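Welcome, and thanks for taking a look with me. Here are a few notes to read alongside the picture.

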Amino acid sequence: MEKIVIGLVFVGALVYLGRMVYRMFFSKQVGCAKGCGTCSAMPTETNNPV
């Protein structure tokens, strides 16, 4: 029983990592592969004089 649970966790981790890699290379979205949206929300230019 323990081996089945460990195997399921391992397979789940592989699916998660594989999905991140797939989205990183084949996604049409702007930003990183995490999908949290903070990369595309970051400003590219600042209007504040320094």
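1. Where does M1 lie with respect to α1? M1 belongs to the segment before α1. One thing to keep in mind from here on is that this is a predicted model.

2. Let us stay with M1 for a moment. M1 has a relative accessible area of 78%, so M1 is exposed, the cut-off for that word being over 50%. M1 also takes part in a nonpolar surface patch, together with I4, V5, L8 and V9. The patch covers about 570 Å².

3. Now for the overall picture. The protein has two helices and zero strands. Of its 50 residues, 2% count as buried. Its accessible surface comes to about 5,100 Å², and carbon and sulfur atoms account for 66% of that area.

4. Helix α1 deserves a look of its own. α1 runs over residues 2–26, which gives it 25 residues. From the first C-alpha to the last, α1 reaches 36 Å, close to the 36 Å expected at 1.5 Å a residue. How many residues of α1 are buried? The count is zero, and α1 is hardly covered.

5. Next, please find the rings of Y22 and F26. Both residues lie in α1, four residues apart, which is about one turn of the helix. An α-helix has 3.6 residues a turn, so residues three or four places apart point the same way. Are Y22 and F26 buried or exposed? Y22 is exposed, and F26 is exposed too.

6. Last comes the geometry of those rings. A pair of aromatic rings is described by the distance of the centres and the angle of the planes. The count here is one aromatic pair. The ring centres of Y22 and F26 are 5.2 Å apart and their planes meet at 40 degrees, so this pair is tilted. The angle falls between the limits of 30 degrees for stacked and 60 for edge-to-face.

Terms used. Residues are numbered from 1 along each chain as its sequence is written. This is a predicted model: local features need pLDDT of at least 70, side-chain atom pairs count only at pLDDT 80 or more; totals for chains, interfaces and linings use all residues. Side-chain values use heavy atoms; hydrogens and water are left out. Rings of Phe, Tyr and Trp (its six-membered ring) pair if their centres lie within 6.5 Å; planes under 30 degrees apart count as stacked, over 60 as edge-to-face and the rest as tilted. Buried means under 20% relative accessible area, exposed over 50%, partly exposed in between (1.4 Å probe, protein chains only). Patches are made of residues with over 30% relative accessible area and no salt bridge: like charges are joined within 9 Å, nonpolar side chains (Val, Leu, Ile, Met, Phe, Trp, Tyr) within 5 Å. Accessible areas come from the Shrake-Rupley method with a 1.4 Å probe; for residues, only the protein chains shown count as cover. A salt bridge is a side-chain nitrogen of Lys or Arg within 4 Å of a carboxyl oxygen of Asp or Glu. The expected span of a helix is 1.5 Å times one less than its number of residues.
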